[in-house]
Amino acid sequence: MILLSFLYVYSFYRTGTLFVASDRIFHLERMEEVYQSLKSGHLINQISTYSAKSVGIAVGRFYPSVNLVIYSLIRLILQNPIQSIYVFIFTETLLGLVIAFYAGNVFFNNKKLAYLFAIQLRLSTYVMHNDFSRFDIGESWSLIFVPLSLVGFYLILKEKRTIRGILLLSLGVSLELYSHILTAFITVLCIIIMYFIYILLVNKFNLKKLISFFISSLIIIINTVIVTVPLLEYYLKVGVVEPEKIQWDMYDFSFVKIFNTSLENSISSPNLGVIGIVTIILIMIIMGKQIIDVKVKLLTTYIIFFLVMVTNLFPWMLLTDTPINIIQYPWRLMAIIIPLISVMFVYVIDKKIGLEYKRLVMIIIFNIIISLGTQNIFIENAYKTTTYAPSTSYLRSPWGYLIDSKDYNESLSRNNLDNSYGYHDYIPKKSEGVIKNIYNLEVIQESWKRKLRENEIKRSYHKVTYDLSNLPKKSGEMKLPFIIYRNSDYRLFVNNHRVKVESDKNGQLVINKDNKSRVKVEIEYLVPTFHKILLAVSIISVLFNIIVLFIIKFWNI
């Protein structure tokens, strides 16, 4: 597994380059925030003071960053940010293989089949698409834990080792949520759908199963209160801008498109991969020729139903104005489809070819060759269509450029006040009208305004210090480029004297300045005591969940 993880990332690692990806800049900023926080002696951050233009956006509150602590530890050792990122992906791949093998072994009760399942899943084009083409490190890490959730669901339905099923389902969904909330939401949604399909096909409603799902849901809630409770608190009491909603009447993702992109085995867009398409064709042939057991029948039905949901054949436009729209892109359901197809791939190979060790090795080598070839095609195309920035001035807007170690720091907003970082996600709704001025780092007093200079801002954990000079020599209200969500969660010092935290109607930090031309301002976010209690509850609950699972495995319950 270590060798396979190395091969998975080597083609990219040897380039020393981060390629253009849709979510690259957003996640690089998140990674830098957690890294700088760890350097200052703190594990988890709530607001962005080292990144995102250092204006105090609560990205860490709404986008969990537990997995980024691993990246930060790697970066502390290696120093080189590009190498650290690819070693981070290596770690993700290794962990994903181990967990997929464990889940596969629980499902198949066969180590050879479990190995094949793990390799097929982790080398799938969809996983590579998230790792390299999108660079969505949150979604990539959440995919690691989807097999745990699904095998927990399977054990509950099977009514064998139900306690283990409850704990695996709750732990899997919880760990998904700690990396990417939307993936956890999609998993829960799909499990509900699969349960209803199970009732319809098997015609078997069982109160015991329903109670098991209810218990698992309670454990998930307790495991994740540190994320869910503050998130709901901010959304309901403060009002926060949600990630952009997609108009689903414009959603264009047909079966033909999936088929064509899958046959290309490209990682530039979400697809099933050529092996996924071949698996679906073979299982259709098998279904037409012989009687298959209920388990395979259910899996096939799940795959077909979710494939329809991924395409524009499903009436997504009717759900545009519902909470379901939070998933943004229906093709994200591939997070569930790909593991299911991987199970079916193993089933087809086992039943029709057999899995002697020689055949297993040949299939694994074939899979690795296809995956490495796909990666190198992506890299070659990237070099043909994109370039490095001609000079550092171009890195003010780094989205469309290749980034290497020498360009990395300049591509970050903390090192470039002219950086064009401009995400509106997770800012207070009341700040939308002034966010452009805030991102432009403007200091405003009545009709006078100017941009901050680099030597006037000092960043530290959850705190920003402004040392401003050459200001108007008159007293009055002055606005600083910092977002305040709730005044009670902050501490403010003006000229080394603690004063009451104030913000205007737009949620922008305001101070009462004297008539001098210089002022020193220190604004610090204070984690509420209630949130610290929630953190303790979540840590204890997750650890208890894991410990009980180990005990159950040891006693073979």
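Helices here are DSSP runs of H or I with at least four residues, numbered from the N terminus. The structure on display is a predicted model, and the tour below proceeds by selection.

**The domains**

Begin by colouring the chain according to its domain assignment. Domain 1 covers 1–126 + 369–429, and domain 2 covers 136–241 + 528–556. Domain 3 spans 249–354, while domain 4 spans 441–526. Then display the centres of domain 3 and domain 4, taken over C-alpha atoms: 53 Å separate them.

**Two loops with positive phi**

Most residues other than glycine have a negative phi. The next two selections do not follow that pattern.

Select Lys53, in the loop that runs between helix H2 (24–39) and helix H3 (59–62). Although Lys53 is not a glycine, its phi is positive, at about 65 degrees. Is Lys53 buried or exposed? Buried means under 20% relative accessible area; Lys53 has a relative accessibility of 4% and therefore counts as buried.

Move next to Asn109, found in the loop between helix H5 (81–108) and helix H6 (111–122). Asn109 is likewise not a glycine, and its phi is positive, at about 55 degrees. The term exposed applies over 50%; because its relative accessibility is 69%, Asn109 counts as exposed.

**The second largest pocket**

Now turn to the second largest pocket, which has a volume of about 850 Å³. Select Ile44, Val66, Tyr178, Leu535 and Ile539: of the 31 residues in the lining, these are the closest to the centre of the pocket.

Which helices should be shown around the second largest pocket, each with at least two residues in its lining? They are H3, helix H4 (68–78), helix H8 (137–158), helix H9 (162–179), helix H12 (225–238) and helix H20 (529–555). Highlight H20 in particular, since the largest share of the lining, eight residues, comes from H20. Colouring the lining by residue class gives 21 nonpolar, eight polar and two charged residues.

**A hairpin in the later part of the chain**

Finally, select residues 442–445, which form strand S3, and residues 448–451, which form strand S4. The two strands pair in the antiparallel sense, over four bridges. Within this pairing, Gln445 has Trp448 of S4 as its bridge partner. The hairpin of S3 and S4 has two residues between the strands. Centre the view on Glu446 in this hairpin, where phi is positive and near 55 degrees.

Definitions and conventions: Residues numbered from 1 in each chain as written. Predicted model: local features only at pLDDT ≥ 70, side-chain atom pairs only at ≥ 80, totals over all residues. Heavy atoms only, no water. Buried < 20%, exposed > 50% of the residue type's maximum accessible area, 1.4 Å probe, protein only. 1 Å grid on protein atoms, 1.4 Å probe; cavity = no way out; pocket = protein on both sides within 12 Å on 5 of 7 lines; lining within 4 Å. Points joined across faces, edges and corners; volume = space filled by probe spheres on them. Nonpolar A, V, L, I, M, F, W, Y, C, P; charged D, E, K, R; others polar. Pairing = 2+ DSSP bridges. Domains from an automatic or database assignment.
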